[in-house]
Amino acid sequence: MNELNLTQAVEKFALTTCHLTDEELERQWDWRAYREGVRYAMFRTYEELRTLAAQLMAERSSKGAPISTAHHALGQYHGAYRDLQAILMGVDEGLLNKPPGPDEWPLRIILGHIMAAEREFFARIWHAVQHYRSQDLPEDEDPVPVEMTDEEVADFVGSHEEFERTMNRLSITGIMSFYDSLHKRVLRELTDIKGFELEAESLWWEGTPFTVEFRLHRLDAHLRQHTVQIEKTLEALVGPPSEARRLLRLIYAALADVDSMIIGDWGHGKNERNELAGKINVRADEVHAIFKH
């Protein structure tokens, strides 16, 4: 079996548990003195991720790369992304095009809107920083913001027409895989923003300049806004989330905490993360075996 990284191990565990009923969470699974069933397998996974996040934070504070304001903002955005992943884990593909009510968006449209907006946020953040860096101005003079053209956006993230064609043909799994590529690119390419560069300004549809710092936090806030919309959509279509799904959101929040500790220092805690991935992988197999027959 190929070795799983931490994200892959958590995803495997999530796919193993996301459809469990409250009654199935009572099935026997023991860990040391704890005899609380499969439910505790989920809490144990949560606890281990939280523990690792705390350890990596302490280690990075003492000997790792400093965590910048941009790193922290990207970590907040990443937390929103992990929450969306947890909510959509194992969701029936048949729900993708089903609106929850008259004149309401189905999941495909909501996800397309989320990603289309993030492509634009990403492009304009990057463009504003590059424009700021390219100016050779006196210290007391700020560069004048320049709006990114549609052609420049297309060169940076691809054409909107091709994006729409892609979104219209993919399944939920395919959409989230496509989103994952965009999300990773955002994290990688914006990590080097310096503190003073957060004041760089960009122009867009608002008609007035907004800073890079504002747009970084819009990545998080806009995603949270439409994650709430997705929650409401799923509840209207299939009812409230089960206990297992609620627990998975905690697990993915804990995974996001770990991930946030490596933004801008991508090799930080690699051995510890791989070790925990192995434990969670084994646990997923144990839970799967419980329900195999």
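Arg32 sits in the loop between H1 and helix H2 (38–63), where helices (H or I, at least four residues) and strands (E, at least two) are DSSP runs numbered from the N terminus. The model is a predicted one, in which local features need pLDDT of at least 70 and side-chain atom pairs count only at pLDDT 80 or more, while totals for chains, interfaces and linings use all residues. Residues are numbered from 1 along each chain as its sequence is written, and side-chain values use heavy atoms, with hydrogens and water left out.

Back to that loop: phi of Arg32 is near 50 degrees, a positive value in a residue other than glycine. Most residues other than glycine have a negative phi. Arg32 is exposed, with a relative accessible area of 67% (buried means under 20% relative accessible area, exposed over 50%, partly exposed in between, using a 1.4 Å probe and protein chains only). Asp103, in the loop between H3 and H4, also has a positive phi, near 65 degrees. Its relative accessible area is 84%, so Asp103 counts as exposed.

Now for the interior. The largest nonpolar core (a set of buried Ala, Val, Leu, Ile, Met, Phe, Trp, Tyr and Cys residues joined through side-chain atoms within 4.5 Å) holds 51 residues, and the members that touch the most others are Leu84, Leu111, Tyr179, Ile193, Val212, Leu216 and Ile230. Two or more residues of this core come from each of H3, H4, helix H5 (150–157), helix H6 (160–169), H7 and H8. H4 has the largest share, at 13 residues. Setting aside residues up to four places away in sequence, Ile230 touches Leu84, Ile87, Leu88, Leu107, Ile110, Leu111 and Ile114, contact being heavy atoms within 4.5 Å. There is also a second, separate core of 34 residues, with Cys18, Val38, Ala284 and Val287 among them.

Several residues can be picked out in H8 and H9. Leu248 belongs to helix H9 and is buried, with a relative accessible area of 1%. Not counting residues up to four places away in sequence, Leu248 touches Ala14, Thr17, Cys18, Met42 and Ala86. Between the C-alpha atoms of Leu248 and Thr211 there are 35 Å, with the two residues 37 apart along the chain. Ser260 is also in helix H9, and at a relative accessible area of 15% Ser260 is buried. Beyond its neighbours within four places in sequence, Ser260 is in contact with Arg60 and Gly75. Over in helix H8 lies Asp220, a charged residue that is nonetheless buried, with a relative accessible area of 16%. Asp220 touches Gln76, Tyr77 and Ala80, again leaving out residues up to four places away in sequence.

Ser134 is part of helix H4 (residues 107–134). Its side chain reaches the backbone oxygen of His131 at 2.8 Å, and a polar contact of 3.1 Å links the side chains of Ser134 and Gln135. A polar contact here is a pair of N or O atoms within 3.5 Å; within protein, one must be able to donate a hydrogen and the other to accept it, and residues adjacent in sequence count only if both atoms are side-chain atoms.

That leaves the pockets. On a 1 Å grid over the protein atoms alone, a cavity is a set of points where a 1.4 Å probe fits but cannot get out, and a pocket is an open set with protein on both sides within 12 Å along at least five of seven lines; lining residues have an atom within 4 Å of a point. The largest pocket has a volume of about 960 Å³, a volume being the space filled by probe spheres set on the points, which are joined across faces, edges and corners. It is lined by 32 residues, and those closest to its centre are Thr7, Arg82, Gln85, Asp180 and Lys184. Helix H1 (6–17), helix H3 (69–88), helix H7 (172–190), helix H9 (243–260) and helix H10 (270–290) give two or more residues each to this lining. H7 gives the most, with nine residues. By class, the lining of the largest pocket splits into 13 nonpolar, ten polar and nine charged residues (Ala, Val, Leu, Ile, Met, Phe, Trp, Tyr, Cys and Pro count as nonpolar, Asp, Glu, Lys and Arg as charged, and the others, Gly among them, as polar).

The second largest pocket has a volume of about 400 Å³. Leu234, Gly239, Pro240, Pro241 and Arg245 are the closest to its centre of the 21 lining residues.
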